[in-house]
Amino acid sequence: MREPFTIGGQAIEPGTQKTVELPLSVLSDHTQVSMPVHVMHGRKPGPVLFVSAAIHGDEILGAEIIRRLVSKLTVEKVRGTLLLIPIVNTYGFIANSRYLPDRRDLNRSFPGSKTGSLAGQLAYKFMEEIVSRADYGIDLHTAAIHRENLPQIRADLASDAVRDMAAAFGAPIILKADIRDGSLREASQAVGVNTLLYEAGEALRFNEFAVRIGVKGVMRVMQYLGMLHRRGFAQGSKEPVMSKLSVWVRAPSGGLMRLLKGLGDAVEKGEVLSIVSDPLGYEEKELRAPISGIVIGRSNMPAVNQGDAIFHIAKVFDPGAIDEDIQSLEKQLGSDPLFDTEIV
């Protein structure tokens with residue numbers, strides 16, 4: 001028999017599941033704030049995987065993915081231990097806000113501090129109670145408000161273990177993404193917990209396509225890690241596309257924008273993506289693709305300002321492409337103010 005899994009001062013016996021409320025703080029009116037963690041502690045040994053959502057409080061799509069996982073999975077079929085955290089940033093969630101009340105970004109506050117800011121304390125609690133007990137992690141995100149992402153995995157492709165997890169997830173796109181200072185991915189990697197970041201959909205919105213890919217993706221990773229049996233669950237029908245370079249195309253001027261391309265569309269270098277015009281239509285400017293690739297993100301706002309990030313295009317390289325060629329193209333694109341290789 002396995003030992004009980006202890007979290008938040010509570011012991012969960014093997015072969016059982018339980019939701020534990022981790023106390024965080026009290027609001028200004030002394031309402032108690034807590035972080036729910038649903039624990040499935042399998043009877044048979046295996047790794048510990050955490051799946052987290054709503055680190056940004058307005059990114060609610062991940063909470064729906066976790067709700068469906070709870071309804072689909074049974075603890076009798078789980079090997080190891082699964083930790084499901086549907087709402088990490090409770091403060092932002094109840095306010096429909098990306099940030100905490102002090103306007104800090106939780107995903108720039110890891111590993112946190114026990115006596116720091118509200119964001120720092122929340123990050124510290126998550127590291128102590130969740131990450132320190134895990135072997136692997138999947139962090140669920142969406143695009144920012146008024147933007148939308150094609151379902152994609154962002155990962156450190158230099159790590160064989162992370163790359164294999166990303167391939168198992170089965171999202172349409174796997175994007176090489178540098179690890180940002182203060183992010184959960186950075187803090188998790190520092191303590192040896194390989195973590196994927198799933199990006200899909202839009203803030204404050206549900207997207208059925210993105211939810212279904214997220215649910216299946218988590219379960220595929222569990223299969224890859226030996227936490228679920230491989231029988232009775234269909235694998236992805238298509239191999240994910242891997243990209244080591246992506247570019248944001250920015251609005252050349254303010255005005256009203258007409259979108260000509262959608263998520264998942266293949267575009268050729270020089271192809272018109274959208275048109276920005278003044279309100280009366282006297283002056284029009286075209287946004288053209290700086291590279292050939294796939295549209296993996298876009299703005300949904302028709303009213304734009306000069307410099308707004310409009311389209312996110314992932315470059316798909318030939319299998320024989322070398323890193324020097326990729327870096328040269330990245331440098332070339334980075335010198336043009338209308339293109340930005342930094343992920344927004």
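## The cavity

On a 1 Å grid over the protein atoms alone, a cavity is a set of points where a 1.4 Å probe can sit but cannot get out, and its lining residues have an atom within 4 Å of a point. Points are joined across faces, edges and corners, and the volume is the space filled by probe spheres set on them. The structure above is a predicted model, in which local features need pLDDT of at least 70 and side-chain atom pairs count only at pLDDT 80 or more, while totals for chains, interfaces and linings use all residues. Residues are numbered from 1 along each chain as its sequence is written, and side-chain values use heavy atoms, without hydrogens and water.

With that settled, let us look inside. How many cavities of 30 Å³ or more does a search of the whole structure find? There is one, and the volume of this largest cavity is about 50 Å³. Its lining consists of Asp156, Val162, Ile179, Arg185, Gln189, Asn194 and Thr195. Helix α5 (184-190) and strand β10 each contribute at least two residues to that lining; helices (H or I, at least four residues) and strands (E, at least two) are DSSP runs, numbered from the N terminus. By character, the lining splits into two nonpolar, three polar and two charged residues. Here Ala, Val, Leu, Ile, Met, Phe, Trp, Tyr, Cys and Pro count as nonpolar, Asp, Glu, Lys and Arg as charged, and the others, Gly among them, as polar.

## Asp156 at the lining

Asp156 belongs to the loop that links β8 (147-155) to α4 (160-169). Is Asp156 buried or exposed? Neither label fits: its relative accessible area is 22%, so Asp156 counts as partly exposed, given that buried means under 20%, exposed over 50% and partly exposed in between (1.4 Å probe, protein chains only).

Leaving aside residues up to four places away in sequence, Asp156 touches Val162, Ala177, Ile179, Arg185 and Gln189, where contact means heavy atoms within 4.5 Å. Of these partners, Val162, Ile179, Arg185 and Gln189 are also named in the cavity lining. For a sense of scale, Asp156 and Ile12 are 144 residues apart in sequence and 33 Å apart in space, C-alpha to C-alpha.

## Strand β7 and its partners

Strand β7 (residues 136-141) is mostly covered, with five of its six residues buried. Two strands pair if DSSP finds at least two bridges between them. β7 runs parallel to β5 (residues 44-53), to which five bridges join it, and Phe50 faces Gly137 across that pairing. β7 also pairs with β10 (residues 194-201) in the parallel sense, over six bridges; in this case Leu140 is set opposite Tyr198.

## Two helices of 12 residues

Helix α1 (residues 61-72) reaches 17 Å from its first C-alpha to its last, close to the 16 Å expected for 12 residues. The expected span is 1.5 Å times one less than the number of residues. The buried residues of α1 are Leu61, Gly62, Ala63, Glu64, Ile65, Ile66, Arg68 and Leu69. Strands β5, β6 (79-85), β7 and β10 are among the elements covering them, as is helix α6 (208-224).

Helix α3 (residues 118-129) also has 12 residues, and its end C-alpha atoms are 16 Å apart, which agrees with the expected 16 Å. Buried in α3 are Ala119, Gly120, Leu122, Ala123, Phe126, Met127 and Glu129.

## An antiparallel sheet

Four strands form an open sheet in the order β16-β15-β13-β18, paired antiparallel. Its edge strands, β16 (284-288) and β18 (303-304), each pair on one side only. Five bridges connect β15 (residues 272-277) with β16, and within this pairing Ser274 has Leu287 as its bridge partner.

The loop between β15 and β16 holds Tyr282, which counts as exposed at 72% relative accessibility. Tyr282 and Val33 lie 249 residues apart in sequence and 54 Å apart in space, C-alpha to C-alpha.

## Backbone details worth a look

Most residues other than glycine have a negative phi, and most peptide bonds are trans. Which peptide bond is cis? The bond from Phe110 to Pro111 is, with omega near 5 degrees. Pro111 sits in the loop between α2 (90-94) and α3.

That loop between α2 and α3 also contains Asn96, a residue other than glycine with a positive phi near 55 degrees. Asn96 is exposed at 52% relative accessibility. His30, likewise not a glycine, has a positive phi of about 70 degrees. His30 is in the loop between β3 (16-26) and β4 (32-41) and is exposed, with a relative accessible area of 65%.

Conventions:
1 Å grid on protein atoms, 1.4 Å probe; cavity = no way out; pocket = protein on both sides within 12 Å on 5 of 7 lines; lining within 4 Å.
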